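Thanks for making time for this. I will keep it brief and start by putting the structure on the screen.

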There are 2 protein chains.
Amino acid sequence: MIDDSLTPRAFETLERLSNLLRAQEREGGAEVGLHPVHLQALWFLGRANRYSDTPASVADYLGITRGAASTSIRVLRERDLVHERRDPDDGRVSRLSLSDAGRALLARELPPRVFENAIAALGSDAETLNRLLVQVLRGVQRHSGGRSFGICGSCSHFTVDASGTRCGLTGEPLSPPEAELLCREHEDPVNG
Amino acid sequence: MIDDSLTPRAFETLERLSNLLRAQEREGGAEVGLHPVHLQALWFLGRANRYSDTPASVADYLGITRGAASTSIRVLRERDLVHERRDPDDGRVSRLSLSDAGRALLARELPPRVFENAIAALGSDAETLNRLLVQVLRGVQRHSGGRSFGICGSCSHFTVDASGTRCGLTGEPLSPPEAELLCREHEDPVNG
DNA sequence: GCCAACTAGTTTCGACTCCAAATCACCTCT
DNA sequence: AGAGGTGATTTGGAGTCGAAACTAGTTGGC
């Protein structure tokens, strides 16, 4: 067992879990006539903050084109899983939010129960797992050019002053729950 | 920070890495006119042992139907990335192997360089990461009904006797390299 | 031996994703 | 006001995907 063999092995396990996750999404989505991409878009929209609840963000998050995201979002709207409203400040942008039905469907399907249980069974090791996965995630994001889509607490724009927490990029205050959502403007600190 | 919040967090990171991996596969495949599923099938066929190099195994591994696997494999054959030969003992089964071109393409695309580097950057923690991911993987497989697709060393059928290592299911001897490949008959030990 | 049941794989069909490119609508900067 | 930029959508063509029908080879019962 040469040390060199561990890097590919960890990737292999990750790749396999990734396939299994997609298979679960396919299976769960099939019951209600949806594809994996629909569940993934719902998942993202359920976690996106107010700067990130748009079709363009969905496209960036999933790594597909805006056109593809647009057509998939249309399906979600037609089924009333997602609501759309025009942004009052910028008439071009479409703001998306989960409907009650969308939220219910999402809670039923993601995370798949088998994943939830398997991670819960790790006990306190789940924390270690997450820490290592976050390290891999940051490494990948640093060199793949895309957006990082993290939460405010891990963002270089996040600031704390006398009046509370706020986003240094927009200057707007952030409530604690808001600061737990994903942001398309998120940037990892340089030495994270 | 309640302990309970760690399970969803680890899943969230895993889910994000999964999207990023797919995005990388999409990007890399697009350069040569292939879809993510094609790269994934190549990846599996490059790792499958002699009991598992068939269209049905590809379908099981990827969690798609046999029909879908069949059409994707046809694309790979038409591009001479994969060779097919009939099984001499069972005229129904089709045995698939990577061509030199397929092997070269696969080596170029998977693992994506950014993943490879990010995991390598973990150093010795890559081993811990893999151990935890394997635990999650087994937990998921135990309860999701599918095949586990592990290697012989982690299989309950694997036996060692005076003449060397062999598979207890087929009774056939296994060379050390063969025992490192993925098997569709793989079964996790009951208390793994 | 022989036929039914089964299994591996393929084909067909309709629905839908996906990209690329064109288009529309709106915003911003000069 | 005009030019260029940006968010979103639409269109067209290629191709995945599941479901179900179908071909062909194998196995088991009698």
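I will go through the two protein copies, then each DNA strand in turn.

One thing before that: this is a predicted model.

Start with the protein. Chain A superposes on chain B by a rotation of 180° with 0.0 Å of shift along its axis, at an RMSD of 0.0 Å. The two copies are thus related as by a two-fold rotation axis. If you want a landmark for that axis, take A:Ser18: in chain A, its C-alpha is the nearest to the axis, 2.6 Å away. As for how the copies meet, 100% of the interface residues of chain A are also interface residues in chain B, so they use the same surface.

Now DNA strand C. There are 24 residues around it, and those that come nearest are A:His38, A:Thr65, B:Arg26, B:Ser70 and B:Arg92. Which part of the strand faces the protein, sugar and phosphate or bases? Of the strand C atoms within 4 Å of the protein, 83% belong to sugar or phosphate, and the rest to bases.

Three polar contacts to phosphate oxygens of strand C are worth pointing at. The side chain of B:Ser70 places an N or O atom 2.9 Å from one. B:Ala56 makes its approach with a backbone N or O atom, at 3.0 Å. B:Ser94 also uses a backbone N or O atom, at 3.1 Å. Two or more residues of the surface near strand C come from each of helix 2 (36-47) and helix 4 (66-78) in chain A, and helix 3 (55-62) and helix 4 (66-78) in chain B. Helix 4 of chain B gives the most, with 5 residues. By type, the surface has 7 nonpolar, 9 polar and 8 charged residues.

On to DNA strand D, with 26 residues around it. Here A:Arg26, A:Ser70, A:Arg92, B:His38 and B:Thr65 come nearest. Sugar or phosphate accounts for 78% of the strand D atoms within 4 Å of the protein.

Which residue puts a polar side-chain atom 2.9 Å from a base oxygen of strand D? That is A:Arg92. Phosphate oxygens of strand D are approached by the side chain of B:His38, with an N or O atom at 2.6 Å, and by a backbone N or O atom of A:Ala56 at 2.9 Å. Helix 4 of chain A supplies the largest share of this surface, 5 residues. The residues near strand D divide into 7 nonpolar, 10 polar and 9 charged.

That is what I have; comments are welcome.

Technical notes
Residues are numbered from 1 along each chain as its sequence is written. Chains are lettered from A and ligands numbered from 1 in the order in which they are written. This is a predicted model: local features need pLDDT of at least 70, side-chain atom pairs count only at pLDDT 80 or more; totals for chains, interfaces and linings use all residues. Side-chain values use heavy atoms; hydrogens and water are left out. A residue is near a molecule or strand if one of its heavy atoms lies within 4 Å of it. A polar contact is a pair of N or O atoms within 3.5 Å; within protein, one must be able to donate a hydrogen and the other to accept it, and residues adjacent in sequence count only if both atoms are side-chain atoms. Helices (H or I, at least four residues) and strands (E, at least two) are DSSP runs, numbered from the N terminus. Ala, Val, Leu, Ile, Met, Phe, Trp, Tyr, Cys and Pro count as nonpolar, Asp, Glu, Lys and Arg as charged, and the others, Gly among them, as polar. Copies are superposed by least squares on the C-alpha atoms of residues with pLDDT of at least 70 in both. Contact means heavy atoms within 4.5 Å.
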